[in-house]
Structures are given as C-alpha cells and as structure tokens.
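Here are a few short exercises to work through with the model open beside you. Try each task before you read its solution.

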Amino acid sequence: MADEKVLLARVGKENSRAIAGYREDGGYEALKTVLTGGWTPEKLIDEVKRSGLRGRGGAGFPTGVKWGFVPKDTKGKPIYLLCNADESEPGTFKDRLLMEEDPHQVIEGIILSAYALKCRTAYIYIRGEFYLGARVLDEALAEARREGLLGENILGSGYSLDLWVHRGAGAYICGEETGLIESLEGKRGQPRIKPPFPAVSGVFAAPTIVNNVETLACVVHIVKRGAEWFSKIGRNEKNTGPKLYCLSGPVNRPGVYEAPMGLQMKDLIFGEAYGQGMKNGRPVKVVIPGGASAAMLTPAEIEDCPLDFDGLAAKKSMLGSAAIIVMNEDTCIVNVAQNLAKFFAHESCGQCTPCREGTPWLHKVLSRIEAGEGRLEDIDLLERISNQMGNGMTICVFSDAAIAPVLSSIAKFRDEYRYHVTEKRCLVGPRAGAAALVPA
Amino acid sequence: MSHRRYSVAESGQPAVFPPEALKRIDELLARYPTKQAALLPVLWVAQETWGWISKEAAEEVARLLELTPAHIDGVLTFYTMYNLSPVGRHLIQVCTSISCHLAGAEGLIDHCRKRLGIGLEETTADGKFTLVEVECIAGCDKAPSIMVNDTYVEPVDGKKMDELIERLSSEAGE
Ligand SMILES: Cc1cc2nc3c(=O)[nH]c(=O)nc-3n(C[C@H](O)[C@H](O)[C@H](O)COP(=O)(O)O)c2cc1C
Ligand code: SF4
Ligand code: FES
C-alpha cells in the first residue's frame, strides 16, 4: 500500500495525456458513477468530508467543510469553482506535473467537484508561464467536450458544466485566492479584505470556491475507492490521503514524489525511493519544508519530522505547498535569507503599508549584512521590522510569509548572522572562501 | 523585472487586430459574464499578435472591452509577462529564486551577460536576444531552470547555455 501510486499512477506512461489512454485506465468512471449512479451533490460533499481531505494549496483547510460554506440559498446567483493552478511558491512544481502529464485526472476532479457544488461554470486559473500546461489542458478539454463529458447534459444526466482555462500573466500574489479572483475579473491581482469570504461572495460577487489542482485531483480517487480507503492512507485521521512532495536543492534525486501523507522528512531526503541522499554526501544544514513562506528547520528538527499539516505545525513551520528545499553545509544562511527576501520584495502587491514598505527594507538590510557592511544592531532591526509586518496587520498572509524565513533563520542561526557582521564575510560557501584569502 | 514596468511605450502606429484575432476575442468574451474578465486573455492575444503591447494596442483593447485606458495601464504594469516595449526574438528568462540560486543561477546570468554583451532587461543589437531575471517558474527540481519564450530548458549550465545561444543565433531565417 505504501508504495502504490495514486495521483502519479499514469505519469510517465506513453500518451498519458490522451483521453483514450485515460479511459483505458478507468478514467471518467468516477464521473459516470456519480452522474448516472444517483449520487446527489450532498452525498458527494459528505464523502469528501469523511475522507478527511485537506486542501493541498497551502493552508490545509478541510475541503468538504469549505464546500459546505456555500449558502443554501444563493439568491439566484450562480456558484463558481476556480481551480488554483497558479503554482508560484518557490520550490513548488507538483501541479505543473499533474497538468502536463495527466490533464484528464485534473479535469475529472474539477467536474466532480463542480457537480458537488452545483456549479455551472468553472475556470482553471493557470500561471502565465505554464504555456505547455495550458495547451495540454485546452486540448484535453476539447476531447472531453467531444465525448460529452463537458458542456450541456453531461452523460445524459441533466447536469451541465462549462470549464475554461484562464491564463495569468506573472504575479505570485494571484495564487492567494482573493488575488486570484480579482485577477480573473480582469483587474490587478490584489487580495481582498475578508470577510466576505469567497464562499459567500467571490468572483463576479457570486459564491465561489477556490481549490488547488492536487486537491481536486484527489476527489476522483475518493469517489472511485471510497472515503474509508482515502482516510486510512496517511499518518492519522487528521492527515489523510496520498500526497505529492516537491524535493529540491542539492540532493541526489530531486523531483516530485508521491507518498502517504506524513512521510518522514528523512525518508524523503535519504530514502532509496525518493531523494537518495545529499549530493557528494554533504551534510544537511537547513531545510525549508513548505516553500519560501515556511519557517526553516535545523538538522535536529528534521529528526522524526512527519511531512503533514500537523507534523510541521508542531515544529512551528508548515507543510504549505509541500515544497521541501534542502540545503547543505556549504550554504550561507544570510545569503539564503537575502534571496528569499528579494522574492517577497518583488512580489508584494503593495496594498498594505507594512508589507509594501517592510519587504524591501528586509531585503535591503539583509543585503547590507551579506555584503559585509552590516552592524550588530541590524539583526535586531530585522526582527523589529518583521514584528511590525506580522500578526494580522495586513490584508493577506503574504506579509506573514515574508517574515517567516527571516525570523526563523535569525532564531536558529543568530551566531552566523553575528559572524557575518563582525567578520564581514560568510561563515561558509563560495563567498567565505574568496574573502578568507584576504590576510587577517 | 519590476524596473521596466512603469510605463507603456508607444509604437507610433495604430493597432488593428487581424480578423483571426478578433474571432478569438469573440470566443473569449463568450466565456465570461463580464467583458472585463476577458482582459488578461485578450491582452495575451494582443501580445501574440504584435510581440508586445503598445499604448495603441492597449487603447484598442480598452475600446473593445469598454474599459478605460487607465484601467488597462494599471493591469499591464501589475503583471510581469506583458512586454511593454519590444523584446528580442528570443526572450531568455533565468530563474534566480531559491532552488535555482542554490544551483548557481546568478553565475548563469553573469555568463549570459558576457556571452551576449548585454545586461538584464536589455536586448542585443541584432534584436535576437533579451535577457531577464524571473522568480520561481516551477522547474526547481531541474535547477537552474530557464525559459526561452514559451519553452522550458532545464537544467542549464554554462555549456548548455552556449550551445543554446549558438543554435538560436544560427536558426534558419535569421
Ligand atoms: C501569497 C499566497 C500565495 C498562494 N499561492 C497559491 C498557489 O500558487 N496555489 C494554490 O493552490 N494555493 C495558493 N495559495 C493558497 C490559496 O489562497 C488557497 O488557500 C488555496 O488555493 C485553496 O485551495 P485548497 O483548499 O485546495 O488548498 C496562496 C496563498 C497565499 C497567501
Ligand atoms: S499583505 Fe502584502 S501581498 Fe497581501 S494584500 Fe497586503 S500588500 Fe498585498
Ligand atoms: S526556484 Fe527556480 S524554478 Fe523554482
């Protein structure tokens, strides 16, 4: 069971994109079961609730519960389902694989979920850089329409759904669900103040559910094999189902790996079936477990570290988008924090003062320390700036994400920051070597 | 890429969509309950038509979608992928986010600068190459990851980059 691939079962197969192959492998059977087997939308929502499925986009919110937030009476308004295919969190590359290699699995998941939500129009919001993913999905959608799986009266069931690919144009913040909604409406992708929550008033002022690509793909298998089956995969009843992990950094075999939710971090990095250890045997120095927005973990912290929502929350970090970025002992921590700060300074949408002003400040101060021009007070300054940016002072949690790498790296590697300031160079890495040539 | 994003350049020529583009725009409009929602897709059609989006093209889009030019400018300057001035035939986009950074992306950029004789956001004199830095493009397991126009090339080192530039420089028709 542990080794069975569910979400990636068809990836790598010849012609994995074509509808014929998908159907040969049992594709669209789940849709048939639901639409022609007398399933009500309520039954499907209940099944998803019982599976324990939690959102794979970052926050880990229980999917069935979220679906239940759509008001019973929508006052005549349509309900929209948006598939979040913006995948822009540094270190994350699982949705790209699902869409490029097995588009029909994603589409079937969307149709099923749309049915559960009584939604008649759905969009896949895909980041602009995924030209190939968008093309593959467009072709797959055309196939599905030809075979009566989309459009009017699907499989003769009376249920109709339109589903379109909508391409973004380069902006990380459009992955945040209300930024995505604004962007889909043809505006700058600036997150909205909540409430109202999208389930009540989202895109086009109508009830809207936003779900990640992987979340929606899971729905196919919940229908096919049952909520019980799904809920028994994974570490415990709160962390269920098959999960995709994105492993990058200087490991022997980076890539997307599927495992039951709660795989041990050390198995992912060192396991034969996964990363196969560190390149050149260089020891691990630090790991970011959930994309750029997650707090860093030290080698001691990755001992007994189940990669799931609660396992990482217990370590005061997060599973996020399951982007596990591993760094070895040749990595300068200040340099890493500076690189992450550059990302956030570039991607802030600019609406909230603490975030708009704070992100470039953090980058500036980190750059100063990295360049050997820092002062010891700068380390406290970084913490002070960060504390003014967090704690719900902003419209969205981007600002909290931006400070996570700064605060966690200072808390865990303060000595290295101090060394950088007093010695005016890196403790380790290429820049340490170059500077060390200067006679003391 | 934030540096070049504050104004939309003029082409000096009126922008009129060819008939096939107008047909695509009609199809796009049918997908949404508002005209405004078709804005990003229609801007993509404009960029595919002219290679970049001029002030004139933006105004034509504004007219078609019944939006103000100011709204279009706001959108164009928010997103990084719309070219607000002409770019080279091959837009080389090098990711410098964390996983690519760890794999030496900055070195790769330095290599490209020297090899092409241009800086970031610049185009070679023959109009063949433009070099830009981008944030994570979801190719982190094959770092450093780059895109040339709409296609991934990953992973790339100095040698592969040289071969790529060589091949693109000598492509037929150039
Ligand atoms: C700054 C920011 C960026 C985000 N980027 C993404 C993204 O690229 N893809 C995604 O699925 N969710 C992203 N999210 C999470 C979404 O807001 C939303 O929670 C998610 O799409 C819900 O889907 P799920 O319930 O299936 O996880 C982001 C959140 C924030 C705050
Ligand atoms: S926190 Fe930052 S990204 Fe989020 S809305 Fe405010 S300015 Fe924009
Ligand atoms: S960090 Fe470069 S592609 Fe993700």
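Buried means under 20% relative accessible area, exposed over 50%, and partly exposed in between. Keep in mind that this is a predicted model.

**Exercise 1. Is B:Trp44 buried or exposed?**

Solution. Start with the value: B:Trp44 has a relative accessible area of 4%. The cut-off for buried is under 20%. B:Trp44 therefore counts as buried. Now try the same step on A:Tyr131: its relative accessibility is 18%, so A:Tyr131 counts as buried too.

**Exercise 2. Find an aromatic pair that links distant parts of chain A, and describe its geometry.**

Solution. Over all chains, the count is 17 aromatic pairs. One of them joins A:Tyr80 and A:Phe204, with 5.4 Å centre to centre and 65° between the planes. Planes over 60 degrees apart count as edge-to-face, and this pair is edge-to-face. Next, place the two partners: A:Tyr80 is in strand β1 (residues 80–85), while A:Phe204 is in the loop between α8 (177–184) and β4 (208–212), 124 residues apart. Finally, check burial: both A:Tyr80 and A:Phe204 are buried.

**Exercise 3. Which helices does the aromatic pair of A:Tyr131 and B:Trp44 connect?**

Solution. First the geometry: A:Tyr131 and B:Trp44 are 6.1 Å apart centre to centre, with 75° between the planes, an edge-to-face pair. The pair crosses between chains, running from helix α7 (residues 131–146) of chain A to helix α2 (residues 39–50) of chain B. Then widen the view: B:Phe78, B:Tyr79 and B:Tyr82 join A:Tyr131 and B:Trp44 in one aromatic cluster.

**Exercise 4. Describe the contact between chain A and chain B.**

Solution. Begin with the residues: chain A brings 54 and chain B brings 42. The area buried between chain A and chain B is about 3,800 Å², with 58% given by carbon and sulfur atoms. Move on to charges: 5 salt bridges are found across the interface. A salt bridge joins the side chains of A:Arg135 and B:Asp150, at 3.7 Å from N to O. Residue pairs in polar contact between chain A and chain B number 21. Among the elements of chain A that each supply at least two residues of the side touching chain B are α7, α8 and α13 (333–347). The largest share of that side, 8 residues, comes from α13(A).

**Exercise 5. Which lysine lies over the face of A:Trp39, and which over the face of A:Trp361?**

Solution. Over A:Trp39 you will find A:Lys43, at 4.2 Å from the ring centre. Over A:Trp361 it is A:Lys364, at 5.7 Å from the ring centre.

How values were computed: Residues are numbered from 1 along each chain as its sequence is written. Chains are lettered from A and ligands numbered from 1 in the order in which they are written. This is a predicted model: local features need pLDDT of at least 70, side-chain atom pairs count only at pLDDT 80 or more; totals for chains, interfaces and linings use all residues. Side-chain values use heavy atoms; hydrogens and water are left out. Rings of Phe, Tyr and Trp (its six-membered ring) pair if their centres lie within 6.5 Å; planes under 30 degrees apart count as stacked, over 60 as edge-to-face and the rest as tilted. Helices (H or I, at least four residues) and strands (E, at least two) are DSSP runs, numbered from the N terminus. Buried means under 20% relative accessible area, exposed over 50%, partly exposed in between (1.4 Å probe, protein chains only). A charge sits over a ring if NZ of Lys or CZ of Arg is within 6 Å of the ring centre and within 35 degrees of the ring normal. Contact means heavy atoms within 4.5 Å. Buried area is the accessible area (1.4 Å probe) that two parts lose on being put together, summed over both. A salt bridge is a side-chain nitrogen of Lys or Arg within 4 Å of a carboxyl oxygen of Asp or Glu. A polar contact is a pair of N or O atoms within 3.5 Å; within protein, one must be able to donate a hydrogen and the other to accept it, and residues adjacent in sequence count only if both atoms are side-chain atoms.
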